[in-house]
Amino acid sequence: MGFLKVSSPHAHGPMSTARVMRLVLLATIPGLFSLTWFFGFGSLVNVLWASITALSFEALALKWRKRPIGFYLNDYSALVTAFLLGIALPPGSPFWLIMIGTGFAILICKQLYGGMGYNPFNPAMAAYVMLLISFPVQMTTWLAPQGSFAGDLLGPIDALRYCFGFGRDSIDAITMATPLDVLKQNNSLLIEDLWQESSQFGQFAGIGWEWANIGFLLGGMYLLYRRVFTWHAPISMLTSLTVMSTLFYDGGSSASGGSPLFHLLSGATMLGAFFIVTDPVTSAVSNRGRVIYGALIGILVYVIRVWGNYPDAVAFAVLLMNFAAPFIDHYTQPRTYGHKLKDQQGGKS
Amino acid sequence: MSDISYREISLNGLWKNNPAIVQLLGLCPLLAVTGSVINALGMGLATMLVLTVSNTAVSMIRSFASDAIRLPAFVMIIAAAVTCIELLMQAFAYELFQILGIFLPLITTNCVILGRADAFACKNKVLPAMYDGFIMGVGFAFILMLLGAVREVIGTGAIFANMDLLFGEGAKSWKIVLVDDYTAVLVAILPPGAFIFTGMIIALKNIIDTGIKNREAAKTEKVAPTSRRVRVTGNIS
């Protein structure tokens, strides 16, 4: 019996996909917690049902493609897609909506392109956009947050009932427009008056929304600390969003796009910045590329939110930049060690 | 080329060289107006007529048009045919004409038609050319209608709506509602749906083709008794 002889370099094993994905799942907890706290158990039911269906679709697709099912299911990537989609969908969504979403994400956006690592678009966001343009009514009915008016919070039993189609009529009674939507519809009130007029708004942004965003920010910080991703893409996205909203925030007139803080803590900003933009498969690869990729997403988010047709824009912005990621990669190839930039093939920068 | 059989022309137009799902020509109307069966049928019929007429005319003038001016000549013929169809539709199916809108005059630029004129009609006699145009048109219209049917069913939960635009008042009752109280899946009617379902139809055709090929390969895959090869990895012919 001898000692195992290993020569240098003594490199650490890289983080496995499964470990990265587990960390990402773990990091959604604070955000999910605040969503549940303010909007009831709808989001949890969404996530649960999305996970079940996503895993089933993944297993089905792998069986069709004659790939090892256990091996690919164990990398948790389908589960991450399911979590992100479940969080992005309105709480209390009907079961078929979620099922169509996960089916589209897993079967069409992921497995048809070759499975994990080959998909050009973020599956969760592509599915979200597909659902949004297909079912605008169901996708824009958000529950009213706790404290905005005297409505009951969605309990676990009610959330399940709504999801699986019993008593859906009564759900209309406890829905209201999201803060981004209210801001979009507004064309006569000053921002300050709007804040007092509508009960959706809280300290900085919408009630509940601000805390959900802070929750995802915390989760993202944790992932950054564990070095699951680098800071480049999320920070540059948040920076460009801040710059855009500062530039076009004229002190709160009726035509204003809302304060920077409002944009940072509204809609899916933080979820997008730390969980979607950082997707290693569909984003740009080099650090410089990531900065450009993130910055352009931030600009697009603001442009679509304020001048576009839809109240929230993270999904659209991410999909548009997914298109552009290979192009960005082409022009931001880093210099390899020992070469000058000109020597490299295709390195044109 | 001139001794090509009608059987072969038919097989080419309908399946092996189908303009819509193999040559992938004329995708613009294919994607744009196949939101329902009636739109697809109107577009398919118009394209089919134009193809037949233009192929016949091109084949007639094939010995007079020199190489240098053949393309302008073809385009003139096609444009004339399209104008006729357009006027016909204005006269007899005005509402459908309005629904199809810009895509009717755009048949002029449909690559299927110029493609067939240049690849087949100007090298063949009148009758085969006419038949080729007709069959290519049928193949195109068939895919258009298939796509229209799939998108209409998924997008609206019903099929054969508004058939009276083309078939008169009696066709109003043709509409079949498959699912009552259906939540419309708008994506199927919107442009992304056209791309997704076109892709699926192409994939389906490839699956069928592979199946046929495998079955034929299985038939012929008998190693000759005198064969001396030790390791047999593929077909021996």
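Modeller: The radius of gyration is taken over C-alpha atoms, and the globule rule is 2.2 Å times the number of residues to the power 0.38. This is a predicted model: local features need pLDDT of at least 70, side-chain atom pairs count only at pLDDT 80 or more, and totals for chains, interfaces and linings use all residues. Residues are numbered from 1 along each chain as its sequence is written, while chains are lettered from A and ligands numbered from 1 in the order in which they are written.

Biologist: What radius of gyration does chain A have?

Modeller: Chain A has 21 Å, which agrees with the value near 20 Å for a compact globule of 349 residues. Along the principal axes, its C-alpha atoms fill a box of roughly 70 × 45 × 35 Å.

Biologist: How many helices and strands are there in chain A?

Modeller: Chain A has 17 helices and two strands. These are DSSP runs, numbered from the N terminus: helices are H or I with at least four residues, strands E with at least two.

Biologist: What share of chain A is buried?

Modeller: Buried means 20 or more other C-beta atoms within 10 Å of a residue's own, with C-beta atoms placed from the backbone. In chain A, 49% of the 349 residues are buried.

Biologist: And contacts?

Modeller: Two residues are in contact if their C-beta atoms lie within 7 Å. Of the contacts in chain A with a separation of 6 or more, 74% join residues 24 or more positions apart.

Biologist: At what angle do H3(A) and H9(A) pack?

Modeller: Axes are lines fitted to C-alpha atoms, for helices over the stretch in contact; angles run from 0 to 180 degrees between N-to-C directions. H3 (residues 42-64) and H9 (residues 156-163) of chain A pack at about 55 degrees, axes 9 Å apart. That makes H3(A) oblique to H9(A). Under 35 degrees is roughly parallel, over 145 roughly antiparallel, 65 to 115 roughly perpendicular, and the rest oblique.

Biologist: Which residues of H3(A) and H9(A) meet?

Modeller: A:Gly42, A:Val45 and A:Trp49 of H3(A) meet A:Ala159, A:Leu160, A:Tyr162 and A:Cys163 of H9(A). Six are nonpolar, one polar and none charged. Nonpolar covers Ala, Val, Leu, Ile, Met, Phe, Trp, Tyr, Cys and Pro; charged covers Asp, Glu, Lys and Arg; the others, Gly among them, are polar.

Biologist: How do H5(A) and H6(A) cross?

Modeller: H5 (residues 77-88) and H6 (residues 95-111) of chain A cross at roughly 140 degrees, their axes coming within 10 Å. That makes H5(A) oblique to H6(A). Among the contact residues are A:Ala82 and A:Leu85 of H5(A), and A:Gly101 and A:Ala105 of H6(A). The contact has six nonpolar, four polar and no charged residues.

Definitions and conventions
Buried ≥ 20, exposed ≤ 12 C-beta atoms within 10 Å, placed from the backbone.
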